[in-house]
Amino acid sequence: MQELKGYATSDKGDFSGVDGDSLTFENGQLTHDGQRVDYVDVLKGQRLASADGHAHTKGADDKYSYRSFGAHFVEVRWDPGISNLRIARVVSAIDVGRVINSMTARNQVEGAIVMGLGMAHFEATEYDARNGRPVNNNYAEYVVPVHADQPPEVDVILLDYPDLEFNEFGARGIGEIGITGMAAAVANAVHHATGKRIRDLPIFKEKLMENVPDVRSA
């Protein structure tokens, strides 16, 4: 952030004439002797859109775990009379430390849930036995979940427990934590509803059509 300090202490900067090393960064502001200036205002004063900098963190140690965690709960409905399998409800509880933006974080998890449902229930690559190449390598033939396939209820619970041992913001990565274990949760729900354990994904209806107990939901 030396570059930002340089802008702030330049002739036209808010801290003109101040030694840059005496400036401190705090809550998105540069501070000195009680004076506070937002980073954005420093850049505006120089007619700039951004400032580049480099930083290095100490990284993880052996004393704490800095992983993100999640748990998925899935309800499916199975009607053996018409061979209809539907994913009816998904509840995901996610711990990624402090949630900076709840809307984007929730959208990230919801998107990962859709990917997980596709893995569990729809997506399968088919290969040509003659040359080993995929034969359904386009969206006309490769089945992915669409809006009509989504469960009526998707509830994402963001625990929002700041992890201040990890960094000063308390936030950890959210990435693809929403997809981790999603297919397994669907498979467990299918087993509970049908009594049949499917270990070969995706779980097509054809795999459930033989010797399935008449249990409607789980």
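User: Leaving aside neighbours within four places in sequence, which residues is Ser16 in contact with?

Analyst: Keep in mind that this is a predicted model. Ser16 sits in the loop between α1 (2–8) and β1 (24–26), and at 40% relative accessibility it counts as partly exposed. Once neighbours within four places are set aside, the contacts of Ser16 are Ala8, Thr9, Ser10 and Asp11.

User: And how many ångströms separate the C-alpha atoms of Ser16 and Ala193?

Analyst: Along the chain, Ser16 and Ala193 are 177 residues apart. For scale, the C-alpha atoms of the protein chain fill a box of roughly 80 × 40 × 35 Å along the principal axes. The C-alpha separation of Ser16 and Ala193 is 70 Å.

User: What radius of gyration does the protein chain have, set against a compact globule of 218 residues?

Analyst: A compact globule of 218 residues would come out near 17 Å. The protein chain doesn't match that figure: its radius of gyration is 26 Å.

User: In what order do the helices and strands run from the N terminus?

Analyst: The protein chain holds four helices and six strands. Reading from the N terminus, the order is α-β-β-β-α-β-β-α-β-α.

User: What share of the contacts with a separation of 6 or more comes from residues 24 or more positions apart?

Analyst: Take the contacts in the protein chain whose partners have a separation of 6 or more. Within that set, the share from residues 24 or more positions apart is 58%.

User: Which element gives the most to the largest nonpolar core?

Analyst: That core has 29 residues, and Val74, Val76, Val186 and Ile203 touch the most other members. At least two residues each come from β4 (69–79), β5 (84–95), α3 (102–121), β6 (153–158) and α4 (182–194). With eight residues, the top contributor to this core is α4.

User: How many residues does the second, separate core have?

Analyst: This core is separate from the one just described, and its members include Leu23, Leu30, Val42 and Leu43. Its count of residues is nine.

User: Is Asp163 buried or exposed?

Analyst: Asp163 is found in the loop between β6 and α4. Not counting residues up to four places away, it touches Ser65, Tyr66, Gly97, Arg98, Gly170 and Arg172. Its relative accessibility is 12%, and the cut-off for that class is under 20%, so Asp163 counts as buried.

User: Where is the cis peptide bond?

Analyst: Most peptide bonds are trans. Here, though, one with omega of about 0° turns up, and its proline lies in the segment after α4. The cis bond joins Leu201 and Pro202.

User: What is phi of Asp33 near?

Analyst: Most residues other than glycine have a negative phi. Asp33 has a positive one; it lies in the loop between β2 (29–32) and β3 (35–38) and is exposed at 74% relative accessibility. Phi of Asp33 is near 50°.

User: And which value is phi of Arg47 near?

Analyst: Arg47 lies in the loop between α2 (39–45) and β4. With a relative accessible area of 80%, Arg47 is exposed. Its phi is positive too, near 55°.

User: What is the C-alpha separation of Asp62 and Gly175?

Analyst: Asp62 lies in the loop between α2 and β4, where it counts as exposed at 84% relative accessibility. Asp62 and Gly175 are 113 residues apart along the chain. Their C-alpha atoms are separated by 23 Å.

User: How far apart in space are Ser102 and His147, C-alpha to C-alpha?

Analyst: Ser102 is in helix α3 and is partly exposed, with a relative accessible area of 42%. In sequence, 45 residues separate Ser102 from His147. In space, C-alpha to C-alpha, that pair is apart by 23 Å.

User: How far apart do the centres of the positive and negative side chains lie?

Analyst: The protein chain has 22 positive side chains and 32 negative ones. The centres of these two sets lie apart by 6 Å.

User: What part of the accessible surface belongs to carbon and sulfur atoms?

Analyst: The accessible surface of the protein chain comes to about 14100 Å², while buried residues make up 33% of the 218 residues. Of that surface, the part belonging to carbon and sulfur atoms is 50%.

Technical notes
Residues are numbered from 1 along each chain as its sequence is written. Side-chain values use heavy atoms; hydrogens and water are left out. The radius of gyration is taken over C-alpha atoms; the globule rule is 2.2 Å times the number of residues to the power 0.38. Buried means under 20% relative accessible area, exposed over 50%, partly exposed in between (1.4 Å probe, protein chains only). Contact means heavy atoms within 4.5 Å. Accessible areas come from the Shrake-Rupley method with a 1.4 Å probe; for residues, only the protein chains shown count as cover. Lys and Arg count as positive and Asp and Glu as negative; His and the chain ends are not counted. The place of a charge is taken as NZ of Lys, CZ of Arg, CG of Asp or CD of Glu. A nonpolar core is a set of buried Ala, Val, Leu, Ile, Met, Phe, Trp, Tyr and Cys residues joined through side-chain atoms within 4.5 Å.
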